[in-house]
Amino acid sequence: MSNPFVQIVEPLDPKQPLKKFFNLSKLEDVRYARLPFSIRILLEAAIRNCDGFLVKKGDVENILNWKVMQHKNVEVPFKPARVILQDFTGVPAVVDFAAMRDAVKKLGGDPEKINPICPADLVIDHSIQVDFNRQSDSLQKNQDLEFERNKERFEFLKWGSQAFKNLRIVPPGSGIIHQVNLEYLARVVMDQDGYYYPDSVVGTDSHTTMIDGLGVLGWGVGGIEAEAVMLGQPISMVLPEVVGYKLVGNPQPLVTSTDIVLTITKHLRQVGVVGKFVEFFGPGVAQLSIADRATIANMCPEYGATAAYFPVDDISIGYLIQTGRDKEKVMCTKRYLETVGMLRDFKNSSQDPDFTQVVELDLHTVVPCCSGPKRPQDKVAVSDMKKDFETCLGAKQGFKGFQIAPDRHNSIVKFNFEGCDFELAHGSVVIAAITSCTNTSNPSVMLGAGLLAKKAVEAGLTVKPYIKTSLSPGSGVVTYYLRESGVMRYLSQLGFDVVGYGCMTCIGNSGPLPESVVEAITQGDLVAVGVLSGNRNFEGRVHPHTRANYLASPPLVIAYAIAGTIRIDFEKEPLGINASGKKIFLKDIWPTRNEIQAVERQFVIPGMFKEVYQKIETVNKSWNSLDVPSDKLYTWNPKSTYIKSPPFFDGLTLALQTPKTIEDAYVLLSFGDSVTTDHISPAGNIARNSPAARYLTSRGLTPREFNSYGSRRGNDAVMARGTFANIRLVNKFIDKQGPQTIHFPSGEILDVFDAAERYKQAGHPLIVLAGKEYGAGSSRDWAAKGPFLLGVKAVLAESYERIHRSNLVGMGVIPLQYLPGEDAGTLGLTGRERYTIIIPEKLKPQMNVQIKLDTGKTFHAIMRFDTDVELAYFHNGGILNYMIRKMAS
């Protein structure tokens, strides 16, 4: 085998100085040509970021033999080219950086060593809420209120952009992080420091994977891990399995990319891809636009994979030109990819790599569908929606059940709204939101929604006024082409005015429902419905009063809003009856694919992207007017309820503390399957009877000023009290949903925070018991930081979602996993026992540890520190402590 470290120099662009790059395709080894494209990028990054040498001798050989080595815990040191953050996770990251500077200074080091060494972009997109809708000035009112609520956070972030090098802030009102990344930030090929190399990214949002649709390898990590990457620490990852997902056939005319991704999500959840890469191939990929691919890649966290990768092809190159990128740079990108064997032709099967496993989907078999009522993977064909919902009504409480008594299935509650009488029933739609990066980045579904709105208005259809309708595009480009194509006014007539540029309803920033609607829902104990074009519909996420939430394409969101109920069979029942008494069916107003494509070709043009993005960092006048200090160390304000120096580094010394056995721990909470990070650390409204509300009230705030948990992630006192505060939490110790648990020494039922405080004051360590897929959902680091602050030393679960396990490791909380075939049931665990977890002096990755109960029972579990680097973090008490000691010494 020839030397893989040779730097090949080629004049890709005669007008530019020569650039260097690793031409790994020159390896005299046919195995390279059979590697999945995503693994090729890992190999290139491992070589490039280690100054020409891999961390361990023989790692090139290991990676070339990846199918043999992937089960042997081979570690790959992956250092991505970029980091991307949003404000809900970005604020705590900058808070940690500021506190780390203080800690390094106390230990005698240079505080300015705490500084990003790779490009980091922070997009403010999570703060705006749907407080106003159905008004022509909703956008301005929501943005004004966003600034009023979050001025202190924004000032802090602006300070951070000046205090830290390589940290760029994209101001509020610019768009959603992943769409801005797709349309503007992504390079595909980096041209930096005298090298060409593939673009790659990690982000503090789980849907960072959206960029994989453009051929940039990226995935979400916890904020804690992202901070380490920004400080120069590579991600030490076990060489992943790569599942090849073959797409064949052509989609049916009425099918959207949303239908395709919901179908893939259900399929891959069944296959089982947690911790794996998924790489798409086959002739069907060539039928998909980059926006379609990005939609599929975006929902990667919902099917549990680490990455969902589409290699770069000519369609990707065309997208770069369409979105206004510099043509000369794009052509250079193409030549580089051709030269190193990284430009894919999906119709050429001889380029198909070897995969760990291959699964296949015929796109022609996909039908229009939604997902719900409580999980993204629970796909339901639109033709079955009415029947499925009515089955869920009476089914046992669970992911597909609400346990409503049969005699109440047809309950109706009358109410008055703005002087008119209406009725609500089980299945009534009260929220209809075209929202989220998943779909608003896709011109085909957005223009499809606009054309459907146009036909609906022309047919005389309307949306009931009490339904909370909204349109929150992922970038200003969307508004531009909806307006220029003439469909925006029809969307507005149906109530889908632009309410803001941000995540909004998709992350629970749906704002309040009308009081009369809430009273009717409460009075009838109704299962009211939210329909959104988002990517998550976990319980309690979208809105506290929508117990059923369905993910749907933007055109279907409008259709269900017009129908006013989920209990409709579109094939047999009309959407509505117009003023002339004519029945209008969905098929009468559904736009054809040819109609949509014709409008897209005419109105989605490069000039729009250039015009929007050339002023993205300066267009927000409120942001520009913020005046912040230029100090390199942050001056903490003790009166602030938003920004507070965290206690993570209190008492930190240069000397390591030997990890100790956890003795006689109580179980704080006992869970079943699919406990999400929303359950652990909610992002939405702060309930008025919660510990967090009591804390804020004690600081002189009124409920109107509480804002959301997500906006207060810079304050550990709020976030600790908000841990396990989701109103839909199901704790096996309690016979009803709610954020409470049993304090076993006293037998009292308390709020989770209050119980944890009592345990802490008595010096008792805590653990959490859980089932499968613990920590599914968003990448929020507070889902690990919060339990850490409550005194949780370990979690014992059947399985973990990848990012949350990483976050637990980053905070020094031990992720324990039952041995295969065992769980709490088979071991007879009730959670009322006390647990002693034996921590040996010599640790190794994924070793078994002994757990002793006060009942005399003993069993073993796997300690899920998967790499030697993760063990090093554990010995340091967490990844940030490790970085502080490294910088201080």
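Which residue in β30 does L769 stand opposite? Select L769 and look across to the neighbouring strand: the residue there is L796. The model on screen is a predicted one.

**Stop 1: around β30**

Keep L769 in view and extend the selection to strand β29, residues 766-769. β29 runs parallel to β30, and four bridges join the two. Now select β30 itself, residues 792-797. Five of its six residues are buried, so this strand is largely enclosed by the rest of the structure.

To see how the chain gets from one strand to the other, add helix α29, residues 782-790. Together β29, α29 and β30 form a β-α-β unit, and the unit is right-handed.

Next, select strand β31, residues 814-818. β31 is also joined to β30 by four bridges, and these two strands run parallel. For a single pair of residues to look at, pick A794, which has I814 of β31 opposite it. The route from β30 to β31 passes through helix α30, residues 802-810, in a β-α-β crossover that is right-handed.

**Stop 2: a four-stranded sheet**

Move to the open sheet whose four strands come in the order β14-β13-β12-β15, paired in parallel. At its edges are β14 (307-309) and β15 (357-362), each of which pairs on one side only. On average, neighbouring strands in this sheet are turned by 20° against each other, ignoring direction.

Select β12, residues 242-248, together with β15. Six bridges connect this parallel pair. Within the pair, Y245 faces V359 of β15 as its opposite residue. Then add helix α2, residues 37-48, which packs on the sheet and touches β12, β13 (277-281) and β14. The direction of α2 makes about 125° with that of β13.

Strands of a sheet like this pair through backbone hydrogen bonds.

**Stop 3: helix α9**

Finish with helix α9, residues 257-271. How far apart are its end C-alpha atoms? They are 21 Å apart, and this agrees with expectation because 15 residues at 1.5 Å a residue should span 21 Å.

Is α9 largely enclosed or largely open? Of its 15 residues 11 are buried, so the helix is largely enclosed by the rest of the structure. Colour the buried residues to check: at the start of the helix they are S257, T258, D259, I260, V261, L262, T263, I264 and T265, and further along come L268 and R269.

Last, step just past the end of α9 to G272, where phi is positive, at about 90°.

How values were computed
Residues are numbered from 1 along each chain as its sequence is written. This is a predicted model: local features need pLDDT of at least 70, side-chain atom pairs count only at pLDDT 80 or more; totals for chains, interfaces and linings use all residues. Side-chain values use heavy atoms; hydrogens and water are left out. Two strands pair if DSSP finds at least two bridges between them. Axes are lines fitted to C-alpha atoms, for helices over the stretch in contact, and angles run from 0 to 180 degrees between N-to-C directions. Contact means heavy atoms within 4.5 Å. The expected span of a helix is 1.5 Å times one less than its number of residues. Buried means under 20% relative accessible area, exposed over 50%, partly exposed in between (1.4 Å probe, protein chains only). A crossover is right-handed if, with the strands pointing away from the viewer, the path from the first strand over the helix to the second runs clockwise.
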